[in-house]
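The exercises below concern one structure and are meant to be worked with the coordinates open. Each task is followed by a stepwise solution.

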There are 2 protein chains.
Amino acid sequence: MTPDIDALRALDAIVTCGGFAGAARRLNRVQSAISYQVRKLEDQLGLMLLDRGGYRVQLTPAGEIMLIEARKVIAQAEHMEALARRFATGWEPRLTVIVDGILPLEPTLAALKLLAEERVPTRVQVKVEFLGGVQFRFDKDEADLMLVKDYLARPDLHAQPLPDVTCILCASADHPLAAAVSVDLTDLQEHVELSVQDSSDQGNDRHMFGGERVFYLSGFVAKKQALLMGLGFGWMPKYLVEEDLRCGRLRELPFVGGRRYRFTPQLVRRANRPLGLAGARLAELLRDKP
Amino acid sequence: MTPDIDALRALDAIVTCGGFAGAARRLNRVQSAISYQVRKLEDQLGLMLLDRGGYRVQLTPAGEIMLIEARKVIAQAEHMEALARRFATGWEPRLTVIVDGILPLEPTLAALKLLAEERVPTRVQVKVEFLGGVQFRFDKDEADLMLVKDYLARPDLHAQPLPDVTCILCASADHPLAAAVSVDLTDLQEHVELSVQDSSDQGNDRHMFGGERVFYLSGFVAKKQALLMGLGFGWMPKYLVEEDLRCGRLRELPFVGGRRYRFTPQLVRRANRPLGLAGARLAELLRDKP
DNA sequence: GATTCTTGATCACCATTTTTGATGATTTAC
DNA sequence: GTAAATCATCAAAAATGGTGATCAAGAATC
């Protein structure tokens with residue numbers, strides 16, 4: 001039979017208060033109740049915990065060790081209690097966030113770090129997806145939030161804007177297109193376009209060029225690596241290639257249809273399911289900070 | 001109010017058995033008892049743990065997290081119980097062993113390693129002392145065992161022999177005494193003798209030579225270092241200087257009164273206080289192995 | 001679709017456990 | 001030596017937890 005946590009508390013109180021009487025006062029019980037509790041505990045464990053030989057009780061050697069263990073059990077139980085209290089007061093147990101891989105991760109991570117520092121009890125799960133895959137995953141996982149470049153608006157979704165991101169059409173300095181003074185659609189279509197794999201299987205990136213040959217990469221890091229190797233051309237978010245453009249490793253392509261475009265990422269939540277405290281706090285941090 | 005461990009067990013059983021009825025069977029209770037327990041638990045935590053909406057109960061999101069915590073509490077409590085069982089069956093909670101620093105530590109450490117591998121629950125404390133300090137500490141700490149070179153026999157102490165150790169009188173190869181063909185007591189008394197500090201403050205090493213100048217070191221490692229630096233001469237246990245004698249860094253002194261002596265270390269226990277299972281096992285390992 | 005099973009909630013009742021308050025033996029403090 | 005602690009013990013009261021029966025509602029079976 002497993003010991004009762006109240007009995008462990010009694011043992012602890014006896015030791016810290018220096019006696020049964022003190023423990024009773026501390027626990028708002030009567031002395032005989034404490035006496036009963038620890039005796040029962042000792043019976044259950046089949047082990048003397050207190051030495052009643054003298055005027056004041058003392059821990060037996062075994063009691064000392066058991067008290068250490070008992071305190072661990074108590075602490076664990078209280079941790080559980082505290083967690084429950086927070087869940088009960090509006091902190092959701094889990095928060096799932098889908099992030100579009102085209103967005104800079106840093107502001108999101110910074111916000112999560114703050115959240116952790118505020119000792120938010122919620123277990124936050126972040127998943128990175130691309131293009132249509134973001135909303136696909138948002139729906140499939142019943143996620144709470146998504147940070148997305150494009151999404152299909154619906155009445156049950158509520159969006160708020162995030163800071164703009166700029167995309168730049170570029171290629172390696174060694175790439176044939178990099179040398180051109182001006183590039184038109186036909187020029188582009190003759191070369192390999194690099195794109196990020198849409199993790200839902202219904203690719204629909206409105207910024208693609210419709211050439212014959214497209215290589216799909218698994219993310220923007222891989223895409224950038226492919227660009228640097230001269231494998232092809234493609235759009236990249238500015239924050240990922242600024243350094244390379246400055247150093248000349250990559251070149252911005254002088255495409256007549258526009259060499260850059262900006263978009264406003266959205267932080268999307270479900271209108272019908274209110275965010276818990278953690279979700280609300282995260283949304284707030286993402287809105288204020290980045 | 002802290003949740004009751006039995007209630008946590010009920011929650012766990014409901015989830016693993018897939019329902020109240022199954023849990024009741026598993027815990028040898030009746031279904032309504034389980035129902036009562038979890039409802040009380042939920043009341044205490046102020047939190048719904050199970051979703052009774054459908055035909056079969058399901059954990060709520062908060063319930064999932066709480067179950068994880070609950071299992072930790074249960075595991076901790078069971079660990080405590082297991083420990084108690086072992087203490088109750090003769091494993092002492094603590095075992096204090098005093099070891100004479102002149103003895104090779106390796107056999108002792110090997111025995112302790114074995115003890116640990118056998119998952120002995122006892123917390124073993126080993127202290128190294130020197131000369132009279134060993135018995136001094138043995139008495140002061142009310143230790144259970146001592147491994148000692150010399151000790152004052154008493155009726156309440158019971159000893160068993162350990163493998164012999166040889167001591168060699170030596171000095172650095174550069175030391176004046178190292179060159180002599182024969183050394184007598186007067187020769188020795190003219191040089192600095194190196195000795196290990198007695199950690200009780202009543203030095204009585206019967207192997208000292210009574211010269212004017214004695215340097216006391218804090219252990220045999222320090223003493224050996226001092227010997228190698230040519231600071232003086234002194235006795236060293238053979239196992240610590242064999243290599244140095246072979247390489248010629250140290251020399252055995254041709255003392256007319258004997259250049260070597262052997263002693264039989266003793267494993268001493270208290271006759272009036274029987275060893276616990278861990279102490280007995282350790283004594284057994286030390287007797288058989290080294 | 002009607003019937004049968006199963007699931008979990010609920011209730012009144014009873015057994016057990018826990019708390020209480022009183023008492024007593026022993027030890028410490030003054 | 002007296003007064004004030006300390007802790008054990010006991011009977012009675014209170015609270016807690018368990019039992020078995022019953023009920024409504026969702027699956028499963030035919």
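**Exercise 1.** Which elements each supply at least two residues of the surface near DNA strand D?

Solution. The model is predicted: local features need pLDDT of at least 70 and side-chain atom pairs count only at pLDDT 80 or more, while totals for chains, interfaces and linings use all residues. Residues are numbered from 1 along each chain as its sequence is written, with chains lettered from A and ligands numbered from 1 in the order in which they are written.

Step 1. Take a residue as near a strand if its C-beta atom, placed from the backbone, lies within 6 Å of it. Around DNA strand D there are 21 residues, and G19(A), A21(A), S32(A), S32(B) and Y55(B) come nearest.

Step 2. Assign elements from DSSP runs, numbered from the N terminus: helices are H or I with at least four residues, strands are E with at least two. The elements sought are α2 (20–26) and α3 of chain A, together with α3 of chain B. With five residues, α3(B) gives the most.

Step 3. Sort by class, where Ala, Val, Leu, Ile, Met, Phe, Trp, Tyr, Cys and Pro are nonpolar, Asp, Glu, Lys and Arg are charged, and the others, Gly among them, are polar. The surface near DNA strand D has eight nonpolar, eight polar and five charged residues.

**Exercise 2.** Describe the surface near DNA strand C in the corresponding terms.

Solution. Step 1. The residues that come nearest, out of 21 around DNA strand C, are S32(A), Y55(A), G19(B), F20(B) and S32(B). Two or more residues are given by α3 (31–45) of chain A, and likewise by α2 (20–26) and α3 (31–45) of chain B.

Step 2. The largest share, five residues, belongs to α3(A). By class, the surface near DNA strand C holds eight nonpolar, seven polar and six charged residues.

**Exercise 3.** How many residues of chain B are in contact with chain A, and what relation holds between the two chains?

Solution. Step 1. Count two residues as in contact if their C-beta atoms, placed from the backbone, lie within 7 Å. This gives 28 residues of chain B against 27 residues of chain A. Helix α4 (residues 61–88) of chain B contributes the most to its side, 19 residues. The side of chain B comprises 17 nonpolar, four polar and seven charged residues.

Step 2. Superpose the copies by least squares on the C-alpha atoms of residues with pLDDT of at least 70 in both. Chain B falls on chain A after a rotation of 180 degrees with 0.2 Å of shift along the axis, at RMSD 0.3 Å. This is the relation of a two-fold axis. In chain B, V73(B) has the C-alpha nearest the axis, 3.2 Å from it.

Step 3. Compare the two sides: 96% of the interface residues of chain B are also interface residues in chain A, so the copies meet through the same surface.

**Exercise 4.** At roughly what angle do the axes of α5 and α11 of chain A cross, and which residues make the contact?

Solution. Step 1. Fit axes as lines to C-alpha atoms, for helices over the stretch in contact, with angles from 0 to 180 degrees between N-to-C directions. The axes of α5 (residues 105–117) and α11 (residues 277–288) of chain A come within 9 Å and cross at roughly 135 degrees.

Step 2. Classify the angle: under 35 degrees is roughly parallel, over 145 roughly antiparallel, 65 to 115 roughly perpendicular, and the rest oblique. The pair α5(A) and α11(A) is therefore oblique.

Step 3. List the contact. P107(A), T108(A), A111(A), L114(A) and L115(A) come from α5(A), and A278(A), R281(A), L282(A), L285(A) and L286(A) from α11(A). The contact has eight nonpolar, one polar and one charged residues.
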